[in-house]
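Biologist: Let us look at one helix and one ligand site together.
Modeller: Here is the model.

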Amino acid sequence: MHDKMNELKTEALAAMAQAPDETALRDQQVRFLGKKGLVTGLMKELPSLAPEARASFGKEVNELKQELEAAFEEAVRQRHHASLMKALETEGFDPTLPGLRQEQGAIHPLSKIQEEIEDVFVSMGFIVPDYPEAESEFFNFEAANIPATHPARDMQDTFWLEGPGSYLLRTHTTPGQVRAMREFKPPFKAIFPGKVYRYEAVDASHEHTFHQVEGLLIDRDVSVANLIHSMKTLLREIFKRDMTIRLRPGYFPFVEPGFELDIRCTVCEGAGCPVCKHSGWVELLPCGLVHPAVIRHGGLDPEVWKGWAFGLGLSRLVMMRYGINDIRQILGGDLRFAAQLSRI
Ligand code: DAH
């Protein structure tokens with residue numbers, strides 16, 4: 001081998017042996033083998049060689065390059081291993097510590113129950129339109145036949161929006177009824193799920209934001225019997241069993257007659273607990289036959305078109321199904337809540 005090459009090889013091997021760590025080794029590697037490195041620099045001597053000697057010189061430089069390349073990689077591997085072993089000894093590695101775990105997301109119980117309800121109704125031919133959360137005073141109250149004196153109109157109950165017009169965060173999903181009547185040609189049946197808002201003092205059973213599903217069926221011949229049948233089907237699908245229910249008369253300005261459908265409390269099975277306010281029953285589903293005034297606001301003739309409607313509180317339903325005794329957990333944002341319940 002060319003003298004110069006031998007020198008460089010010896011020099012490189014010595015530098016490798018002396019490099020204290022991986023970084024120093026990489027620096028040396030660049031110094032010898034980089035584009036402007038010492039070994040590459042040997043090629044500059046080619047023009048000064050006799051033409052017949054050039055080919056073998058070039059070949060030898062390449063062989064040296066490959067040899068040193070391999071030696072550097074091996075040295076880096078050894079340094080890396082050595083520093084790992086040193087860290088294990090000195091830093092006290094504890095192999096029993098848990099590893100880093102990737103958190104997995106989960107469907108929130110509210111979304112899950114809402115999707116189930118949508119599936120049940122869609123399979124019965126219902127449509128699922130979407131209506132605004134920022135609603136006009138007209139649709140939220142007027143169109144739902146809610147008189148100016150009704151307590152739901154109280155400033156205390158409602159988040160009013162600033163700006164032009166009388167807008168508010170809808171206090172219920174009922175405004176969708178008149179919107180749907182104006183949007184779809186009767187007969188039709190629809191559910192509209194969504195968030196609703198009330199200016200409430202928050203406690204174990206009240207939230208300022210909660211979820212409802214409104215149901216509406218408009219047809220020529222609609223009876224309370226139709227309504228009850230649909231509600232029973234819904235509850236059986238949701239709770240996966242026949243539910244104990246009772247019906248009481250209930251007053252809502254937008255229905256006549258109106259009912260409160262109660263179910264036996266599933267948290268305490270009727271024994272009494274904070275969720276059912278110690279009565280053993282939970283108001284689950286207010287419902288009724290749509291009031292003629294509401295039908296008229298929808299642009300339909302109440303002599304021809306009738307309807308039934310219900311308003312289902314989703315948060316309540318989630319609490320019942322999973323035995324949750326504090327509504328604040330539902331929107332509390334603790335990831336463990338959703339992750340735990342999604343497996344049930
Ligand atoms: N909108 C009522 C509320 O939020 C619930 C309701 C009651 C809806 C009776 C209905 C109904 O459709 O028929 O309190």
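**Helix α8 and the ligand site**

Biologist: Which residue follows α8, and what is the sign of its phi?
Modeller: Lys-240 follows α8, with a positive phi near 60°. This is a predicted model: local features need pLDDT of at least 70, side-chain atom pairs need 80 or more, and totals for chains, interfaces and linings use all residues. Numbering runs from 1 along each chain as its sequence is written, and side-chain values use heavy atoms, without hydrogens and water.

Biologist: How many residues does α8 have, and what should they span?
Modeller: Helices are DSSP runs of H or I, at least four residues, numbered from the N terminus. The expected span is 1.5 Å times one less than the number of residues. Helix α8 has 16 residues (224-239), so it should span 22 Å; its end C-alpha atoms are 22 Å apart, which agrees.

Biologist: What caps its N-terminal end?
Modeller: Ser-223 does: a side-chain oxygen lies 3.2 Å from the backbone nitrogen of Ala-225.

Biologist: Which residues of α8 are buried?
Modeller: Buried means under 20% relative accessible area (1.4 Å probe, protein chains only). Residues three or four places apart in an α-helix point the same way, because there are 3.6 residues a turn. In α8 the buried residues include Leu-227, Met-231, Leu-234, Leu-235 and Ile-238. The buried residues pack against elements including α5, β5 and α10.

Biologist: Which polar side-chain atoms lie by the ligand?
Modeller: A polar contact here is a pair of N or O atoms within 3.5 Å. A polar side-chain atom of Thr-174 lies 2.7 Å from a ligand nitrogen. One of Glu-214 lies 2.6 Å from a ligand oxygen.

Conventions
Helices (H or I, at least four residues) and strands (E, at least two) are DSSP runs, numbered from the N terminus. Buried means under 20% relative accessible area, exposed over 50%, partly exposed in between (1.4 Å probe, protein chains only). Contact means heavy atoms within 4.5 Å. A polar contact is a pair of N or O atoms within 3.5 Å; within protein, one must be able to donate a hydrogen and the other to accept it, and residues adjacent in sequence count only if both atoms are side-chain atoms.
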